[in-house]
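Reader: I have a chain in front of me and would like to talk through its packing. Could you take me through the cores, the rings and the helices?

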Amino acid sequence: MAIGRSPQSSSQTPDQGAARRPSRARGIPEATVARLPLYLRALTALSERSVPTVSSEELAAAAGVNSAKLRKDFSYLGSYGTRGVGYDVEYLVYQISRELGLTQDWPVVIVGIGNLGHALANYGGFASRGFRVAALLDADPTVVGSSAAGLPVRHMDELESIVESQHVSIGVITTPPGAAQQVCDRLVEAGVTSILNFAPTVLTVPDGVDVRKVDLSIELQILAFHEQRKAGDEPDRTESVLDRAPGPVRAAAAKLRRAAGGSTKPRTAADPAKDAEPTAQGKPGKPGEGELSAVMPA
């Protein structure tokens, strides 16, 4: 996706930006802010079942935290349960929704309408949680003009005018990684101050712009780590790093060793004698350094 730059057009004044961050002004820790949506989700489920009150223990279990942490978090909101009764569910829903800024409508633009962009556009939970998809944007002429969730896909050239006219402050990036930073820059220049990034890359933003990253591959890799431990299949500590690497990585490392005149067989942690041998530069080698330096030269 090739993204050109357009003149900056900000629809948000400094005073408006400050008003959108009441949690920071009130000194609520970021870790607490990150847990508020968990409490809200659990409370909303209780409200839908017409449950009037809930104890800290019950709510903590539903949200997946411990009750002491929950009570501490709620103290930042000025909300304290009644002994023997618990917390008023409806009032807590209101309190947390207000603190998260969900008592108003937040227009959102989604940039990059591939499979993931389509899925997000069709997600029905935005509206009930205080968010409205204001526009879908893409730079691919074969995508522009199509529709998703009843909205037309518009060209990136319209970004600045959409942000200004719709008062958009939240952007969602679902582009390929190579285009994500350019899209991010365009969003920031247009006046967007909060970005949800689904592209598998790290974005650079100026002060005053918040970025939340969602990387599904990283989450799956973490789950794979836990599955391996549960199965008792821990890595053999005598193996080289490259012994467990994908085939193309091992092949590239072997090619680099051949070019350097070294052995094509990876060294292992169980071979300390070779680790102590001088390197090609005549300097002592460091344990475990050989195979990594071959793949990642300084």
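What follows is a short chat about cores, aromatic pairs and one helix contact.

Author: Some ground rules to start with. This is a predicted model, where local features need pLDDT of at least 70 and side-chain atom pairs count only at pLDDT 80 or more, while totals for chains, interfaces and linings use all residues. Residues are numbered from 1 along each chain as its sequence is written, and side-chain values use heavy atoms, leaving out hydrogens and water.

Reader: Which helix gives the largest share of the largest nonpolar core?

Author: A nonpolar core here is a set of buried Ala, Val, Leu, Ile, Met, Phe, Trp, Tyr and Cys residues joined through side-chain atoms within 4.5 Å; buried means under 20% relative accessible area, exposed over 50%, and partly exposed in between (1.4 Å probe, protein chains only). The largest one has 23 residues, with Val109, Leu137 and Ile195 among those with the most contacts inside it. Helices (H or I, at least four residues) and strands (E, at least two) are DSSP runs numbered from the N terminus, and β3 (106-111), β4 (131-138), α9 (159-166) and α10 (177-190) each supply at least two residues of this core. The largest share, six residues, comes from α10.

Reader: How many residues does the other core have?

Author: That core lies apart from the largest one, and its members include Tyr39, Ala42, Phe74 and Tyr87. Ring pairs link Tyr39, Phe74 and Tyr87 into a cluster. The residue count of this other core is 20.

Reader: Is the Phe74–Tyr87 pair stacked or edge-to-face?

Author: Rings of Phe, Tyr and Trp (its six-membered ring) pair if their centres lie within 6.5 Å; planes under 30 degrees apart are stacked, over 60 edge-to-face, and the rest tilted. Phe74 sits in helix α5 (residues 67-76) and Tyr87 in strand β2 (residues 87-88), 13 residues apart. Phe74 is buried at 0% relative accessible area, and Tyr87 is buried at 6%. With 5.1 Å centre to centre and 85° between the planes, the pair is edge-to-face.

Reader: Are Tyr91 and Tyr94 buried or partly exposed?

Author: These two are three residues apart in helix α6 (residues 89-99), so about one helical turn separates them. Their rings form a tilted pair, 6.5 Å centre to centre with 35° between the planes. Tyr91 has a relative accessible area of 45% and Tyr94 one of 41%, so both are partly exposed.
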